[in-house]
Amino acid sequence: MNPYVEAGYTAVTCSLGGYAIVLGVRSRQVRLRLAKLRASAQQADRPLEDA
Amino acid sequence: MLRTAVVMAKKDLRLEWRARVLLNQVLPFVFVVIVLFAFGFDAKVEILTQVTPGLFWVTTFFGLELAVSRAIAIEGENQAQVGLVMMGVNPRGMFLGKVFAIVVEVLVLEVVLSAGIAVLFNSPLHEVALLAGSAFIADIGVATVGIVLAGVTEGLGGSLLPLLLFPVVSPVLLSATKVWQYGLEESPAKALPWSELLVGFSLIYLVLGILVYGVVLEG
Amino acid sequence: MSRNAKLKRGVGITALVMIAITFWLGLYVTPPAEVMGNLVRMLYIHPPMAWIAYLAYGITTAASLLYLWKRTRRREWDLIAAASAEAGVFFTGLTILTGSIWGRPAWGVWWTWDALLTSTAVLFLLYLGYLALRQVPMSETKRGVRSAIAALVAFIDVPIVHESVYWWKTLHQTPSVLNPSMNVEVHGSMAWALLLGFVAFTMAYVWMVWTRYETSKRQAELADLEVEQAIRERLAVEEVRL
């Protein structure tokens with residue numbers, strides 16, 4: 001197989017794959033942080049309601 | 001709208017005349033550039049005459065960028081323009097006025113620059129009407145895009161404007177250089193499609209600038 | 001998992017599978033070309049990259065316009081514009097990279113100021129400028145409005161750049177060895193591979209923009225919530241003092 005073709009396909013795989021992985025990881029991080037913050041916000045509301 | 005434009009242009013030009021930034025800083029800078037190019041190209045006249053159009057336009061583009069960022073900078077930190085708009089002044093007129101002032105300032109620059117090049121590089125200027133006309137139109141094109149982008153990058157750091165501006169106006173650089181090349185070669189017919197592109201570019205961005213400047217000032 | 005998330009996951013998996021099949025077709029099933037030999041296999045990845053580069057820019061501009069128009073102005077459009085631009089930078093960069101890799105054996109040089117490469121380079125710079133603008137700290141509305149205008153200015157420029165660069169390279173110039181046409185006869189399995197390539201990478205682009213957009217949206221919500229929390233804590237301190 002032509003080494004240039006190999007290089008091309010590898011480049012596409014690595015860069016797009018890398019970007020996709022970074023996107024996914026970041027997405028998960030932010031999603032978890034948001035869920036945590038929302039949960040703690042709900043908890044904070046509850047004692048105020050009792051008062 | 002036009003009256004506002006004239007008032008705005010007069011104000012900008014009067015400010016420039018008082019501060020003489022153009023005369024005292026930019027013009028000498030232009031001469032420095034000429035000398036630099038002479039050193040860079042080893043003062044070989046054959047090379048210098050060949051690259052005259054490119055040299056002229058690259059230098060002019062830097063001059064244009066300086067003029068544009070100055071035009072926005074003189075409005076001050078609180079962006080007096082926004083205040084004017086709130087008082088009911090037509091932003092379109094303000095836009096046109098600023099463009100006009102910039103074009104006038106840069107034309108002065110270009111006249112001196114071309115004279116300097118003609119004399120120092122032994123590069124006689126042919127087809128002056130074509131050269132001057134194309135320069136005028138090209139200046140309008142870059143000034144219009146420049147003012148819009150300068151408004152967009154205002155207050156955000158000095159290197160953002162050139163980064164945004166130069167790619168957008170690269171067709172103008174290309175076309176203007178071509179027109180000058182054919183003008184200096186005395187084959188003006190070849191310059192026609194490029195001149196059309198210059199006119200088209202300037203018209204498109206003049207219209208866009210007029211439409212969008214109000215929103216720019218908002219932001 | 002919500003329906004939205006399931007849909008997005010579906011898109012992602014479809015993209016992955018399609019890309020895999022495209023690669024398989026491109027590298028093994030399709031025949032080598034007459035003149036170009038195995039090098040023609042770049043055909044299945046390079047044009048899709050270019051297509052998406054332009055698609056991404058179109059989406060960024062459309063979203064920017066929707067944001068600019070007061071009646072449809074919502075934070076969501078601004079975030080979509082940004083997400084699409086980010087993906088666009090990747091695909092534009094890859095377009096240039098794959099184009100360069102294809103060009104080296106075909107033309108003998110890594111780079112040439114040919115019309116398409118040059119236009120794509122300018123497109124890349126336009127994207128970079130847009131993203132650089134967005135990085136500067138400023139209020140949300142300011143960022144939205146200013147980036148939207150920058151995107152609009154750049155988008156209108158794209159066809160002008162194309163025309164001018166094309167003329168630059170074709171007017172008054174005899175075709176030389178350095179401008180060989182990349183015309184390839186595409187038939188049979190090659191056509192399918194090419195088509196699949198376009199669809200596959202478009203799906204990948206959709207997934208990327210979707211994910212990036214969601215992350216940005218959540219980050220914005222996080223910022224809002226953090227402000228609320230700070231206020232709440234401040235109030236709690238005040239209450240204790242009272």
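This text walks through the contacts between the chains of a predicted model, and then through one residue, C:Ile160.

Start with chain A. It has 1 helix and 0 strands. Of its 51 residues, 14% count as buried. Chain A does not meet every other chain: no contact joins it to chain B, and the closest C-alpha atoms of chains A and B lie 25 Å apart.

Where, then, are the contacts? There are 2 pairs of chains that touch, and the pair with the most contacts is A and C. This contact takes 25 residues from chain A and 30 residues from chain C. On the chain C side, three helices each supply at least two residues: α1 (3–29), α3 (75–107) and α6 (189–241). The largest share on that side, 14 residues, comes from α6(C). Sorted by kind, the residues of chain C that touch chain A divide into 15 nonpolar, 7 polar and 8 charged.

Chain B also touches chain C. Here the contact takes 27 residues from chain B and 25 residues from chain C. On the chain B side, the elements that give two or more residues are α6 (128–153), α7, α8 (170–184) and α9 (192–218) of chain B. The largest share of this side comes from α9(B), with 9 residues. The residues of chain B that touch chain C divide into 20 nonpolar, 5 polar and 2 charged.

One residue shows the contact of chains B and C in detail. C:Ile160 is placed in helix α5 (residues 140–170) of chain C. Is C:Ile160 buried or exposed? A residue counts as buried if 20 or more other C-beta atoms lie within 10 Å of its own. C:Ile160 has 21 other C-beta atoms within 10 Å, so it is buried. Which residues does C:Ile160 contact, leaving aside its neighbours within four places in sequence? They are B:Pro171 and B:Phe201. Within chain C, the C-alpha atoms of C:Ile160 and C:Leu195 are separated by 28 Å, and these two residues are 35 residues apart along the chain.

It remains to ask how far chain B can be read. Chain B averages a pLDDT of 83, and 97% of the residues score at least 70. Confidence in chain B is highest in helix α7 (residues 160–168), at 92, and lowest in helix α4 (residues 80–86), at a mean of 72. Where pLDDT is low, the predicted coordinates should not be read in detail.

Conventions
Residues are numbered from 1 along each chain as its sequence is written. Chains are lettered from A and ligands numbered from 1 in the order in which they are written. This is a predicted model: local features need pLDDT of at least 70, side-chain atom pairs count only at pLDDT 80 or more; totals for chains, interfaces and linings use all residues. Two residues are in contact if their C-beta atoms, placed from the backbone, lie within 7 Å. Helices (H or I, at least four residues) and strands (E, at least two) are DSSP runs, numbered from the N terminus. Ala, Val, Leu, Ile, Met, Phe, Trp, Tyr, Cys and Pro count as nonpolar, Asp, Glu, Lys and Arg as charged, and the others, Gly among them, as polar. pLDDT is the predictor's confidence in each residue, from 0 to 100. A residue is buried if 20 or more other C-beta atoms lie within 10 Å of its own, exposed if 12 or fewer, and partly exposed in between; C-beta atoms are placed from the backbone.
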